[in-house]
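Let's take a walk through this structure together. Have the sequence and the 3D view open side by side, and follow along at your own pace.

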Amino acid sequence: MKKELVLQLKNISKTFGKVKANSNVSLDLYNGEILSLLGENGSGKTSLMNILAGIYFPDSGSIEINGESVSITSPKDAYKYKIGMVHQHFKLVDTFTAVENVVIGLDSRFNKEKRKALYTEIESRYDNPLGCANSYDEEVELKKARKLTGFDLKEASNEINNICNTFGFVLDPKKHVCDMSVSEKQTLEIIKTLYRGVDILILDEPTAVLTPQEIEKLFNVIRNMKLAGKSIIIITHKLNEVMEISDRITVLRKGELVGTVNKTDTSIEQLTEMMVGQKTELNIERSEPKGAEKLLEVKDLCVKNVFGNEVINNVSFDLKEGEILGIAGISGNGQKELLEAIAGVQPIANGEVIYHRQKKNKPVSFFHKSLKQIKRLANEGVFHDLNGKPVSLENVPNKEIKTQVKAGEILFNENETMYLKGKNPREIRELGIHLAFVPEDRLGMGLVGTMNINENMMLRSYRKGKGPFLNFKRPRDTAQSIITKLEVATPSANVQVKKLSGGNVQKVLVGREIAYAPSVFMVAYPVRGLDINSSYTIYNLLNKQKENGVGIIYVGEDLDVLLALADRILVLCNGKVSGIVDARKINKKQLGALMLGESL
Amino acid sequence: MSEIKVEEKQVNTEHHENKKPREKLFHITKRLDVSLKYKIILRVVSILVALVVCAIVLFIFKPGKFGAFFKESFNSLFGSTNKFFNILYEFAFLLGIAIAILPCFKMKFWNLGGEGQVLMGCLGAALVSKYVGPHVPNFICIILMIICAMIAGGLWAFIPAFFKARFDTNETLFTLMMNYIAMGIVEFTVQLVDPTHGSFAGLTSGVYHTSTNISILISFIVVSVLTVFMYVYLNYTKHGYELSVVGETRNTAKYIGINVKTVIIRTAIICGCLAGIMGYLVVAKQTSINKDIIGGKGFTSVMIAWLGHMNVIEIVIMAFLVAFISRGSNQVSTKLGLSGSFVQISIAVFLLTILAFEFFLNYEVHFNKQLFSKKKKLEEVKE
């Protein structure tokens, strides 16, 4: 196949307010090639592609398709130039079927013309151009033709099946979107663009939500499309996938073009350097978990959703101090509900969540125990002295014991158990349990988007202090320290949180939860949508917490990170535990099999 | 069939090739940061434009009287002491109801029942005044009237809030319909108690001052105190913080363990109680009650609260402007012999114009300068 230039972006610039999303970016695309658009978060990849898809309009610069200068002012325009985009967040109507989603938004004039053609065809068949029926059969046929309003879904289904056969997709056109898995939805989005006859297909982070097996399938399809002469642009963060699939790689950094390289001439290290600007260590340091004390115990947990379906089914596990327990699973398999049930946000249908509070070196007192009890417990070897040596009170006179107890020299370790079922987050907090939780939905649950950073700091602590009034000073100090320590890019602490970029929002949320001095720390997808640097900041923070003895539950989607960061990994499939494995002894393939509910 | 499709597409592209590439004349982007200076300037401009639009409306009815609107409006403000007090009363009244429904609005509980809650407050106060008043000293009567008004208003807000919290009913419709029930109850009670007058005319107990101007002044002071209270309540107290969290996202409220139901009911009751106090003020000044005594001010106040961005200071300014327009256009319509509807039209036009200007607060319009210069150049070439 001859390589022809199909698309050229020349010096594209786009600003949002004061933020430069793209400045002077140029890009070439040939037919039958896969181009990866690589860059950290906020480097302007998606904005650039949105310009191409007609969602944004560039401030300056020009677009040439097949050598002709064009201006794309709407997604409809983009389809006219045979450009289609699959967005990261799918744009589908849940209650519609696959076919209906495909034809929605198409020009209905097309259908009218087809109907007209049908009329003329019938009329010519009966040799009667006057428009009124001469025979009964003709009338019946004309009536049928008149009833064909809207879209011809049957033909669209056939067309979809054709596309599926050509490129190797599997999709049932009659299935409703709400019944589809993420992978099916993505397939549907791709078919939607192919149905409109696109030659240039843009995929925005297509692998973010897929299992390794599904990714493989997707890549095969993409390769088939490439063979059919279509050009594909893939936006991504993931370097190994870039190396696997693409022909050429264009790297953006902070809205500017760093360069375009051929895959054969480059390496992961070079690409990282281009993306980040300096070489960063791709390894996450993982220390051995220190303590072995149980911190949190989940027993036969069942959670039902609003429709009464069990979304968590008999889940049991325990969390030790100073360890990171990773939770893997295809998204929507109960991760969200599990964390919310532990945090007290979702009601627990059945089972127990037990918190163990280890109180070390607590002095015994006569307030709680009598002399007799103390003697008995001492015989059992419960007590120790200030140096940690066991204390035995045999043959010690009572007077001596009394003075020792009063001086606080006899110590013991206590394991206090607390049941968290049926308690809301406030009640858990009032028990003195610092249960920090970074939910998946940052602005919808963890933070209040319209409030500023200071006010968001107050969410956890606003009840502190007596009287009806709020204390503004401490949250302000916390906010200031988070901004400086985590390098949150914001003009001041008085900025509404929703106006910050995704990474900074996450830093504010994680910072607040760490400032809460947690003993159990639950994080859901903390690096989703974050660039490499911010991700590593988060990993380091988590590791630091781990060293302080905090028990961490980490729900993640990037299996490489899970394998490198966690100590143990719990795999969820359909709300059930399909395995709890040692992260040091398992590989990605095995994990993928567990995620699909297969046993090892 | 697919062949037909391909042909059509070719037609489409050919058709497109004939056209010159389309370029946008302007595009609109969302504003991220709005400086205070810009906000103030925009507001002042919008108010001035709104006044001019009102004057244009008058011009349509009475050609040649463009300036009369401004003249009479300002006359209504500074013309005489009585006129000034009339504006003051209107202002206090509108502001009071707007402040009363503000916490509900901040919680995104769309309480359109200000009218009904004030009316129920009126009824409570009037009943106490009529039946208890003659038997107790005046100041005790006043206290009893206030308490009773607060209970009645609070109850009227509690009912929809309870159903919202318990069954998640739509509060907008619920509170709206409660207004008409309140009117019905007042009408019924009035017919029952005082069928000859059709109102509890001439209530004497519980009136704080016989002079109208001084009683207006007292109303104004009470409303000012309520306004300050509300400002502190919303911005500096734990309750205020809780209700704004509940208003923004229910999920966040659950996430930190705020009891959403309690907060909804508590806030609605506070709204109702404040509305009840406003009801007392109305009865004490008018010394009578009938079902139309509020005259739709409860609804106007909803718009004031909304256009004031749920911000106490902005609401004070908006309330004053609406009071000014209302009294001003009233003066205009009597002077020029227009019907009473002119007042309603002016208020509506005024609020609508300000609402339209909100667009520039949220969005920015960028014009394609190149295109303009091209056009100019073309014109130059033609010349």
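In which helix of chain B does G96(B) lie? Its home is helix α4, residues 81-106 of chain B; helices (H or I, at least four residues) and strands (E, at least two) are DSSP runs, numbered from the N terminus. A word on the ground rules: this is a predicted model, in which local features need pLDDT of at least 70 and side-chain atom pairs count only at pLDDT 80 or more, while totals for chains, interfaces and linings use all residues. Residues are numbered from 1 along each chain as its sequence is written, chains are lettered from A and ligands numbered from 1 in the order in which they are written, and side-chain values use heavy atoms, with hydrogens and water left out.

Back to G96(B), which has a relative accessible area of 3% and is therefore buried (buried means under 20% relative accessible area, exposed over 50%, partly exposed in between, with a 1.4 Å probe and protein chains only). Not counting residues up to four places away in sequence, G96(B) touches V223(B) and M278(B), where contact means heavy atoms within 4.5 Å. V225(B) is 129 residues from G96(B) in sequence, yet their C-alpha atoms are 10.0 Å apart in space.

Staying in chain B, look at how helices pack. Helix α3 (residues 68-78) and helix α13 (residues 312-336) of chain B have axes that come within 8 Å and cross at roughly 115 degrees. Axes here are lines fitted to C-alpha atoms, for helices over the stretch in contact, and angles run from 0 to 180 degrees between N-to-C directions. The crossing therefore makes α3(B) roughly perpendicular to α13(B); angles under 35 degrees count as roughly parallel, over 145 as roughly antiparallel, 65 to 115 as roughly perpendicular and the rest as oblique. Among the residues making this contact are F69(B) and F74(B) of α3(B), and F320(B) and F324(B) of α13(B). By class, the contact of α3(B) with α13(B) has 9 nonpolar, 6 polar and 3 charged residues. For these classes, Ala, Val, Leu, Ile, Met, Phe, Trp, Tyr, Cys and Pro count as nonpolar, Asp, Glu, Lys and Arg as charged, and the others, Gly among them, as polar.

Now find helix α12 (residues 297-307) and helix α14 (residues 341-362) of chain B, whose axes are 11 Å apart at an angle of about 20 degrees. That angle is why α12(B) counts as roughly parallel to α14(B). From α12(B) come T300(B), M303(B), W306(B) and L307(B), which meet I347(B), L351(B), I354(B) and L355(B) of α14(B). This contact of α12(B) with α14(B) has 7 nonpolar residues, 1 polar and no charged ones.

Let's move to chain A, which has 21 helices and 21 strands. Of its 600 residues, 50% are buried. Helix α11 (residues 335-343) of chain A has 8 of its 9 residues buried, so it is largely enclosed by the rest of the structure. Those buried residues include E337(A) and E340(A). Just after α11(A) comes G344(A), with a positive phi near 90 degrees.

Our last stop is S36(A), in strand β3 (residues 34-38) of chain A. S36(A) counts as buried because its relative accessibility is 0%. Its side chain makes a polar contact with the side chain of S246(A) at 3.3 Å. (A polar contact is a pair of N or O atoms within 3.5 Å; within protein, one must be able to donate a hydrogen and the other to accept it, and residues adjacent in sequence count only if both atoms are side-chain atoms.)
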